[in-house]
2 protein chains.
Amino acid sequence: MPKAKTRTPALRERLLAAALEIVERDGVAALTARRLAAEAGTSPPAVYELFGDKAGVVRAIFFAGFAQLGAALGELRDGEDPLEDLVALAQRYRRFILERPALAGVMFSRPFASFDPAPAETAAGAAVRERIVGAVRRALAAGRLHGDPTDVAHACVALVHGLAAAESARRLGSSAAAVERRWDVALRALLRGFGGG
Amino acid sequence: MPKAKTRTPALRERLLAAALEIVERDGVAALTARRLAAEAGTSPPAVYELFGDKAGVVRAIFFAGFAQLGAALGELRDGEDPLEDLVALAQRYRRFILERPALAGVMFSRPFASFDPAPAETAAGAAVRERIVGAVRRALAAGRLHGDPTDVAHACVALVHGLAAAESARRLGSSAAAVERRWDVALRALLRGFGGG
DNA sequence: GGGTAAATCGTAACAGTGTTTCGGATGTTT
DNA sequence: AAACATCCGAAACACTGTTACGATTTACCC
């Protein structure tokens, strides 16, 4: 038999952690196969065995980012007012972008890429979407919103995603106060339009 | 004296046209200095003399994209109902993004960290912003909407981007009718939330 | 006209990238 | 100890952004 394998799932996790660190420390441009391998104490071919290609590394970062965002949203507890829960979700969403700008850049950098129909990509954001959709459903059940649940949920998710992408590209305004106000104004307007107070 | 210069503004325009074609045909990853130079019948150093560096080429595409979007929106004529004008603008915006996903990707993602879209978009997107904010202002003047025009415009644009991202990821619904309805429902809810009837 | 000088162009080079090959190292088995 | 199967990473390959520099072309001057 051969010698013991070191290119294991454990090494994959170490590489992914190193990749996230490189991206957050030096930006996505600094993420190269050689640097990543060195940072994790291995060699470039290991990266290719474990991730396929460089796009695979970026894809893994993309997944990890949405997983972390989903976890952050999951920490929020449901309150009395489902509408305020939705606002709180949006605020947490925004805080994530502010705290991890480089990671958010990777997550929102391919806005309309004519991706190959990648079901995995949509799976990445499933937890995030689920959280928002759940709050919408509760608001509908409480009579605070009206309309088709799926339509309302899609609209809310789209607006939050659009605001996140805009802020991540620094396109939502120059002053922090203006950006924050725009999140609030936009979200409350949409909720009001769906019958919310 | 020297020989006649060929790296003129005219060549710059030919290069820019070739760059747009490459991006739309093969994606932004296929845009390399050598390919671009070959496509325009010149050599790589010409690209660097006329655009500075590769980021300069991308920046030029960014500007050209907003000019084209501004022209597309400019073709729409004002109607009687400012709210319907806004809906029509959104639909045209949507069509642009879906018809030219690669170009839209360059325009609405942050291609380079050193390239801050905020001030650049101020210059490039002037016509676009003018068109949307103008329609919002008319709606405000007609008493059909309420709020800060810039805030309202940003909210509309964010929603449009979010819906476009969802649609191009095939996440907005399976049937064309459902997708269409969701665009309409979401947009009209937002306008309603801003005081539109 | 011939020679000089200036200015332009594109070839070729440099460093660094993603990616793959392959020879040597490693451990197991007989 | 010898044979063997397997794994790893140094090195190679094609390509990238970018730049230095020699070849080439033109205008001018004597």
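This note reviews the helices, helix contacts, cavities and pockets of a predicted model.

1. Overall build of chain A. The secondary structure of chain A consists of ten helices, with zero strands. Read from the N terminus, the elements of this chain therefore follow the order α-α-α-α-α-α-α-α-α-α under the helix and strand criteria applied. Along the principal axes, the C-alpha atoms of chain A occupy a box of roughly 65 × 40 × 30 Å.

2. Helices α5 and α6 within chain A. Two packed helices are described by the angle between their axes and the distance between the axes. Helix α5 of chain A covers residues 82-99 and helix α6 of chain A covers residues 101-108; their axes lie 5 Å apart, at an angle of about 110 degrees. Angles of 65 to 115 degrees count as roughly perpendicular, and α5(A) and α6(A) are therefore roughly perpendicular to each other. On the α5(A) side the contact is formed by Y93(A), F96(A), I97(A), L98(A) and E99(A), and on the α6(A) side by P101(A), L103(A), A104(A), M107(A) and F108(A). By class, the contact of α5(A) with α6(A) has nine nonpolar residues, one charged residue and no polar residues.

3. The α9 helices of the two chains. Between chains A and B, the axes of α9(A) and α9(B) come within 7 Å and cross at roughly 110 degrees. With this angle, α9(A) is roughly perpendicular to α9(B). From α9(A), the residues A155(A), A158(A), L159(A), H161(A), G162(A) and L163(A) take part; they meet A155(B), A158(B), L159(B), G162(B), L163(B) and A165(B) of α9(B). The contact of α9(A) with α9(B) comprises nine nonpolar and three polar residues, with no charged residues.

4. Helix α9 of chain A against α10 of chain B. Helix α9 of chain A (residues 149-168) also approaches α10(B): the two axes come within 9 Å and cross at roughly 70 degrees. This crossing angle makes α9(A) roughly perpendicular to α10(B). The crossing of α9(A) past α10(B) is right-handed. T150(A), D151(A), H154(A) and A155(A) of α9(A) make the contact with R181(B), R182(B), V185(B) and A186(B) of α10(B). The residues of this contact divide into three nonpolar, two polar and three charged. A155(A) thus appears in the contact with α10(B) and also in the contact with α9(B).

5. Enclosed space. The count of cavities of 30 Å³ or more comes to four. The largest cavity holds about 110 Å³ of space. Its lining consists of L86(B), V87(B), L89(B), A90(B), Y93(B), I132(B), C156(B), V157(B), V160(B), L187(B) and L191(B). At least two lining residues come from each of α5 (82-99), α9 (149-168) and α10 (176-193) of chain B. Of these, α5(B) gives the most to the lining, with five residues. By class, the lining of the largest cavity has eleven nonpolar residues, with no polar and no charged residues.

6. The second largest pocket. This pocket has a volume of about 460 Å³. The pocket is lined by 24 residues, of which R171(A), L172(A), E121(B), R129(B) and H154(B) are the closest to its centre. In chain B, α7 (117-124), α8 (126-141) and α9 each supply at least two residues of the lining. The largest share of the lining of this pocket, five residues, comes from α9(B). By class, the lining of the second largest pocket has 13 nonpolar, six polar and five charged residues.

7. Points to examine together. Helix α9(B) meets α9(A), supplies at least two residues of the lining of the largest cavity, and gives the largest share of the lining of the second largest pocket. Helix α10(B) likewise contacts α9(A) and supplies at least two residues of the lining of the largest cavity.

Methods. Residues numbered from 1 in each chain as written. Chains lettered and ligands numbered in written order. Predicted model: local features only at pLDDT ≥ 70, side-chain atom pairs only at ≥ 80, totals over all residues. Heavy atoms only, no water. 1 Å grid on protein atoms, 1.4 Å probe; cavity = no way out; pocket = protein on both sides within 12 Å on 5 of 7 lines; lining within 4 Å. Points joined across faces, edges and corners; volume = space filled by probe spheres on them. Helix = DSSP H or I, 4+ residues; strand = E, 2+ residues; numbered from the N terminus. Nonpolar A, V, L, I, M, F, W, Y, C, P; charged D, E, K, R; others polar. Axes fitted to C-alpha atoms, helices over the stretch in contact; angles between N-to-C directions. Parallel < 35°, antiparallel > 145°, perpendicular 65-115°, else oblique. Left-handed = near helix turned anticlockwise from the far one by under 90°. Contact = heavy atoms within 4.5 Å.
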